[in-house]
Amino acid sequence: MSENPLKAFDNANKPTLLMNYFPEFRKGFSWRTNPIMWRVSRAYHDVAASKSSVAMLVTFLVVGMLWAVYALHTTHYTDMSDSAHFTHIPLIVIKLPRSGSSWFTDSINSHPSVYLSKEIVQRSDTLWLKARTVDKDSTGMMHMRCETQPCMHTERTCACN
Amino acid sequence: MFRLLTPAYDTSLVTAKASKLSHFTSSAIQQHLIAALSRPRGKLSTSQSMFPSSRFVSDYIAHKTLKPFRSLKVLGFTLNLEHVADAAQIDWEAIMRAVPQTKVVLLLRSNLVKTAISGYTGSMNKNKQGCKEANLRSSSSTPGCNPVSLVDWGASALSAEVTIWQERYRNLISSVEKNPFLKKHLAHRFYYEELQVDQQAAFQALFTKIGMNSSEAGDMAATVAANSAQPEGNLWQKRGSDDLRDVLAKFDDIESELMLGGPNCDCLVQQLRDVVPRVRAECKAIWQADLKRCMNLN
C-alpha cells in the first residue's frame with residue numbers, strides 16, 4: 001500500500017524545519033543530556049500539571065518582586081534619613097472625618113512625585129476607645145460612659161478625659 | 001487635653017470594635033510619624049508586618065507612575081488628630097526637631113451643615129446600609145449597598161449634630177493653634193470646598209504655601225488636576241447632592257426655624273441653602289460662633 005504523498009512530504013521535512021528553528025538539534029543537543037535544561041523542563045511539566053500551582057507561582061513571584069522593591073526602597077531612604085539631606089518637603093495634613101480627605105489624598109497622590117500616607121494612624125491603633133463603652137437604657141437610648149471615670153455626657157454625646 | 005465628641009450613631013461601631021483593638025504606645029506612634037516624614041511609609045497598623053499594606057502597595061509601590069523609582073518632592077501623611085490626641089501624648093516638639101522642614105496643613109470643611117449630614121449618611125451607609133465604606137470608591141460599589149438618600153431630621157436633630165461637628169472642629173483647630181510646634185509649622189488652611197470649586201487653583205495654593213516656587217507649584221497642580229480628571233483617576237464619587245433640598249426631607253421646616261434664630265444663625269442658613277460649593281469669608285469663624293443660642297439648645 002503506497003504512502004500518502006502529502007504525509008510523506010511532511011514526514012520528510014519535519015526534522016529539517018525543526019532544525020531550522022532549533023539549531024541545537026543539529027549538534028546532537030538533547031534535553032535529557034543537558035542537566036540544567038532537563039531540570040527546568042521537568043519543573044515546567046510538574047508545575048504545568050496543575051493550574052493552581054501556576055497561579056501560586058505567579059502570585060509568589062509578584063509578591064516577591066513587590067516585597068523586594070519595598071525592602072530596597074526602605075533601605076535607600078534609611079540611608080538618607082538625616083533630614084539635612086532631604087530633597088522633599090515633609091508634609092503633615094491634619095484633618096477630621098468627612099472633610100474630603102480621601103478625595104484630597106487620591107488626587108494629590110496622582111502626581112508622580114508626591115506620596116501621602118492616607119490616615120496613617122487609625123482609630124483602632126490607640127487606646128482611647130477602650131475607655132468608652134455604650135449602655136442602653138430601658139427606652140433603648142444609648143448612653144456612653146468612660147470605664148475609668150464618670151462620663152460627662154450630654155443627651156447625645158460623651159467626652160472622656 | 002483634647003476632648004472628643006462623637007456622634008451618637010457611631011457608638012455601636014465603637015462597642016463592636018472595642019474587643020479587638022490593637023494599640024501602640026505614644027513613643028511607637030511618634031517614631032512612625034517621624035519615619036513617615038523621612039521616607040515612604042504605610043499605616044501604623046501594618047508597621048510591624050513583614051509585608052506592606054495593600055493601600056501602601058496601591059498608592060506607592062505599585063502605583064502606575066512608578067513612584068519607587070522617582071525622587072519625591074512631597075512626602076508625608078494625613079492624620080485625624082482625634083485618633084492620637086486623646087490617649088497618646090504625641091511629642092510634637094520631638095517630631096519637629098527630628099524633621100525641622102516639616103510643613104503642617106489643616107484640611108477643613110467650612111460647611112458645617114453638610115458636614116453633619118455627610119457624617120450621618122456616611123456612618124449609616126457603612127454600618128446599616130450594607131456598603132463597604134462610608135466613602136465609596138466607584139470600583140468597590142457592592143450589590144446590596146443601599147445608600148441613604150433622604151435624611152429625616154428636624155431642626156433640633158440637625159442642630160444637635162451641627163454643634164457636635166462644631167465642637168470637633170473647634171477642638172481640632174485649638175489643638176493645632178495651642179501647640180507651639182504645630183502652630184509654628186502651620187503653613188496653610190485648605191478647604192474642601194476650594195477643592196470642589198477649582199482643584200488646580202486649590203493645589204497650586206497648597207504647593208506654594210508649603211514652599212515651592214510659583215512655577216513649580218503651578219506645574220504640579222496642573223498635573224494633579226489633569227490626572228484626577230481622567231476616569232481612572234477619579235476613584236471617589238460624591239454621594240450627596242449639593243442641594244440639601246434633595247437630601248433633607250424637612251428642609252423647609254428647618255430653614256424656617258433657623259431663620260427665627262436671628263444673626264447667630266445667618267451662616268447656618270446660608271450653608272443650608274448653598275447649592276454650589278463655596279467658602280464664605282464671613283463664615284470662616286463658624287467654629288467659634290454661638291450656635292447653641294441660635295438653635296435654642298441648652
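Let's start with burial: a residue is buried if 20 or more other C-beta atoms lie within 10 Å of its own, exposed if 12 or fewer, and partly exposed in between, with C-beta atoms placed from the backbone. Strands and helices here are DSSP runs (E, at least two residues, for strands; H or I, at least four, for helices), numbered from the N terminus. This is a predicted model, in which local features need pLDDT of at least 70 and side-chain atom pairs count only at pLDDT 80 or more, while totals for chains, interfaces and linings use all residues. Residues are numbered from 1 along each chain as its sequence is written, and chains are lettered from A and ligands numbered from 1 in the order in which they are written.

With that in hand, take a look at E2(B). Six of its six residues are buried, so to speak of it as mostly covered fits the definition. The cover comes on both faces: Lys103(B), Val105(B) and Leu107(B) are buried on one side, and Val104(B), Leu106(B) and Leu108(B) on the other.

Now for the sheet around it. Five strands make up an open sheet with parallel pairing, in the order E2(A)-E1(B)-E1(A)-E2(B)-E3(B). Strand E2 (114-117) of chain A and strand E3 (186-191) of chain B stand at the edges with a single partner strand each, so one side of each has no neighbour in the sheet. On average, neighbouring strands are turned by 25 degrees against each other, direction ignored. Two strands count as paired if DSSP finds at least two bridges between them.

Strand E1 (residues 89-95) of chain A pairs with strand E2 (residues 103-108) of chain B in the parallel sense, over four bridges. Along that seam, Leu91(A) stands opposite Lys103(B), and Ile92(A) has Val104(B) as its bridge partner. E2(B) also runs parallel to E3(B), joined by five bridges, and here Leu108(B) stands opposite Tyr191(B).

On to the helices. Helix H2 (residues 26-38) of chain B lies across E1 and E2 of chain A together with strand E1 (74-80) of chain B, and runs at about 145 degrees to E1(B). That angle lies between N-to-C directions, on a scale from 0 to 180 degrees, with axes fitted to C-alpha atoms, for helices over the stretch in contact. Contact, in turn, is when the C-beta atoms of two residues, placed from the backbone, lie within 7 Å.

Helix H11 (residues 214-229) of chain B buries Met220(B), Ala221(B), Val224(B), Ala225(B), Asn227(B) and Ser228(B). Seen down the axis of H11(B), these fall within an arc of 165 degrees, so they line one face of the helix; the arc is that of the directions from the helix axis to the C-beta atoms. What covers them includes helix H4 (101-109) of chain A and helix H10 (199-209) of chain B.

Finally, chain A as a whole. Along the sequence it follows α-α-α-β-α-β-β-β-β-β, and buried residues make up 25% of its 161 residues. How confident is the predictor, on the pLDDT scale from 0 to 100 for each residue? Chain A averages 68, and 41% of the residues score at least 70. Among its elements, E1(A) has the highest mean pLDDT (97) and strand E5 (residues 152-153) the lowest (36). Over residues 145-161 of chain A the pLDDT is below 50, yet this stretch has 35 contacts in the model beyond near neighbours in sequence.

Note on methods: The expected span of a helix is 1.5 Å times one less than its number of residues.
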